[in-house]
Protein chains: 2
Amino acid sequence: MAEDTHLMQAPKGMRDFYPAEMAVRRHIEDAWRRVSVRCGFDEIEGPTFEHLALYTKKSGEGIVSELFRVEHRGDAELALRPEFTPTLARLVAARAASLPQPIKWFAIPLHYRAERPQRGRLREFIQWNVDFVGHPGTAEATAADRTVLAAADVEVIGCMIALFEELGLSDQTIRIKISHRHVVANLLRSLGLETEEALAAAFALLDRRDKITPEEFTAAATKMGLGAEQVERFDAFARVHVRADAPWSDVAGMLEMDEADLAELHGLRDELERAALLGWCDFDLGIVRGLAYYTGVVFEAHEASGAERAVAGGGRYDNLIELFGGPSLPACGFGMGDVVLGLVLEDQGLMPEAESLMPRPDAFVISSGRDDADAQMMTVMSMLRRAGLHARRTYKATRNIGKLLKEAGRSRARFAVIAEGGDQIGLKDLASGEQESVALGDLVDRIATR
Amino acid sequence: MAEDTHLMQAPKGMRDFYPAEMAVRRHIEDAWRRVSVRCGFDEIEGPTFEHLALYTKKSGEGIVSELFRVEHRGDAELALRPEFTPTLARLVAARAASLPQPIKWFAIPLHYRAERPQRGRLREFIQWNVDFVGHPGTAEATAADRTVLAAADVEVIGCMIALFEELGLSDQTIRIKISHRHVVANLLRSLGLETEEALAAAFALLDRRDKITPEEFTAAATKMGLGAEQVERFDAFARVHVRADAPWSDVAGMLEMDEADLAELHGLRDELERAALLGWCDFDLGIVRGLAYYTGVVFEAHEASGAERAVAGGGRYDNLIELFGGPSLPACGFGMGDVVLGLVLEDQGLMPEAESLMPRPDAFVISSGRDDADAQMMTVMSMLRRAGLHARRTYKATRNIGKLLKEAGRSRARFAVIAEGGDQIGLKDLASGEQESVALGDLVDRIATR
């Protein structure tokens, strides 16, 4: 029995996509692709598994413990990809000398994490990745000026917002929360957390703050060596947030940043305003992102109600390309998974019925049952399909035309085509109900022109 | 150094898809999807890895030795999918009672085989799968009559041929070679190969006949216990082929089949003729397909010149759904990989230049360099993109309009949009060369209506 269960079920945390689920998946993937192209990003892909070293060397420990290993005798150590950024860094590094810059890429890869499956989190998920690598201007002119990179950040954040708009979400239902790694690091240092390890641990704690109880947060912070007052400052800091379209003096007053960081955020705010996107954004110091490689601005998209996990997250990772053996190139990107996005669309009543997402046939072929009408269905279908039309047919044994026309209607086809075995064929417009007799040789043209 | 090489390269037999390679991949995947929908198949997907038992229990040994295992402590035994049919059988079996029949599904999954990479064969490849499960009519009326299943076979083969036509291939460049497992099994039995094991070994040898030398074939056949005369009969049999549009008496004369099998092939021929597809097909007894689960008609698509491996292959597998715990349902399907298809398109000069496959921008935004023109580029781009237009921009430092217009031309955009910092904006039709000045608020409409 256990063995039969194995044969009948997908592995834990993995999904089967029957046609209805697949129509929803394609609805999301198609929107991702459409919006990416519109925003001037080019599609790329990498292998589903990579050398294990690609992940163990550069990613945060959080990811490494969740890796699925891939094994085959005599092969190198391999792992299913848990995220796309190491692959992207590898691709850039391998061809940095010949690729025109800036590099604007997107990808829609599958990812794998050996976590406990739960709401919004599966072991196999699709993640849209959008990345802007290099300067949004010549390197000579801008390398010294971090504020210029804001134009790249806003192209990336703008692409994310364009996706939300494409699917009917608004700045009332989605908020983009923006923070900066330097700001958080400065605060943590002022609390006495000086080493890279201590900072990384504190980032990780901040990142999972929403998923644990206040008591657990206090216990973990205390274990890092913080006193009661320091834990309170840490906690208060993590709750600082302000709308990005508030007057700049309000924003600057709340953030307590050093001048260079403040200038960078101000530059970002100016570009968001030019792009008419400021109303979607908040500055929120509770956002840090768990991954170790972020170096500057970080951001997450959340349902405004806070009901689900982050819909998307990303930030600036200016050191990563160089770490993978490429030149020193600034970079900014985000990932958005299909699972939480799907839940948010459902929460908001914005997920269309699967049936309405299925392709609609041009013609549904039925048979009058007369003479050679049944055999003629194959001829008619082949003709329609080879002319580029979407043709389906009945497989029912009945030759009751009334029942068959009802089936044609349920198929959502534009036309019913009635094979009668001779040179003339019935054509019924299923919207208007008009029916006519058409020569077999004229059928394709007649459907195309109506 | 070895470690750095790891970080820079994809694992052996895996591919990186930069934008040009990805445009080619999408060209193929989009054609597969378009043709599948047109032929009335619904898209599905399954997990990238399955329980190992799904493959070890039911597939031929050939595939099992090529599996990549997936490992995570405490988890069940898992393997990356080497093919899609076991997943499909599992999906059908799990919902057989509720799914409307017949079931017509397609999928475009990735597959993994730990083979030695060589021309036309990689360790990760994309394979289009098209399957027709159930009877093309009511089960009551047709279960006893194998010839009725030919309508399903021809829908499947017709979908494969529609793909070739979609990509510009013809019956001059591609041949569909059709055989039947019973015919081959009857011949093998007449040579004294009676057991299932002996038959399976002989099928496997026949399947790799084109990849080995005549001497190796003879040696392997001799090892099975065949004498010199029997090896010669075996070899001669494997070379029997005849165009499917030859007179039926010629076909029947060459095939030496028993009556039921002959009737089945005749039924298939009739349906192919009705669908106007007979000219694409040959009957060829050298085709057997390596996989153990085929039960009847088998077929492969080959370049007519024989230059590459099989482009696609499939057949009837009437016992498999039941083996996976579902009801007894006939089924027929094929798989077509992206690697050999890509090679054939290149051989035939039918693979478009990657650049022509990249999405074409509606607008390319440049700056006059005047006043606030640079800053205005962000406003203009955001406006165009949010209106659904594909907008790109220059990232060059130069403000030489002549050079920037050349860059706009290279981008293949329909229009250059020239930000000038004020309420009026330049709009140049890059095909006609016409240029006009447009109010910023009218820009989207102007582009949409031109």
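1. A nonpolar core here is a set of buried Ala, Val, Leu, Ile, Met, Phe, Trp, Tyr and Cys residues joined through side-chain atoms within 4.5 Å. The model is predicted. In its largest nonpolar core there are 225 residues. A:F164, A:I176, B:F164 and B:I176 touch the most other members.

2. Take B:F164. Neighbours within four places in sequence are set aside here. B:F164 then contacts B:L169, B:I174, B:I176 and B:W280. Its contacts also include B:A301, B:V311, B:M336 and B:L341. Another core, of 30 residues, lies apart from the largest one. Among its members are B:I44, B:V92, B:L320 and B:I321.

3. Next, the relation between the chains. A turn of 180°, with a shift of 0.0 Å along the axis, lays chain B on chain A with an RMSD of 0.0 Å. The two copies are thus related as by a two-fold rotation axis. In chain B, the C-alpha of B:V70 is nearest the axis, 2.4 Å from it. Both copies use the same surface: 100% of the contact residues of chain B recur in chain A.

4. Helix α10 of chain A spans residues 214-223. Which of its residues are buried? A:F217, A:A220 and A:A221 are. They sit on the same side of α10(A), because they cover an arc of only 100° around the axis. On the other side, A:E215 and A:K223 are exposed.

5. The cover over the buried residues of α10(A) includes two helices of chain A, α9 (196-207) and α11 (228-238). A:G225 follows α10(A). The phi of A:G225 is positive, near 105°.

Technical notes
Residues numbered from 1 in each chain as written. Chains lettered and ligands numbered in written order. Predicted model: local features only at pLDDT ≥ 70, side-chain atom pairs only at ≥ 80, totals over all residues. Heavy atoms only, no water. Buried < 20%, exposed > 50% of the residue type's maximum accessible area, 1.4 Å probe, protein only. Helix = DSSP H or I, 4+ residues; strand = E, 2+ residues; numbered from the N terminus. Arc of directions from axis to C-beta. Contact = heavy atoms within 4.5 Å. Least-squares fit on C-alpha atoms with pLDDT ≥ 70 in both.
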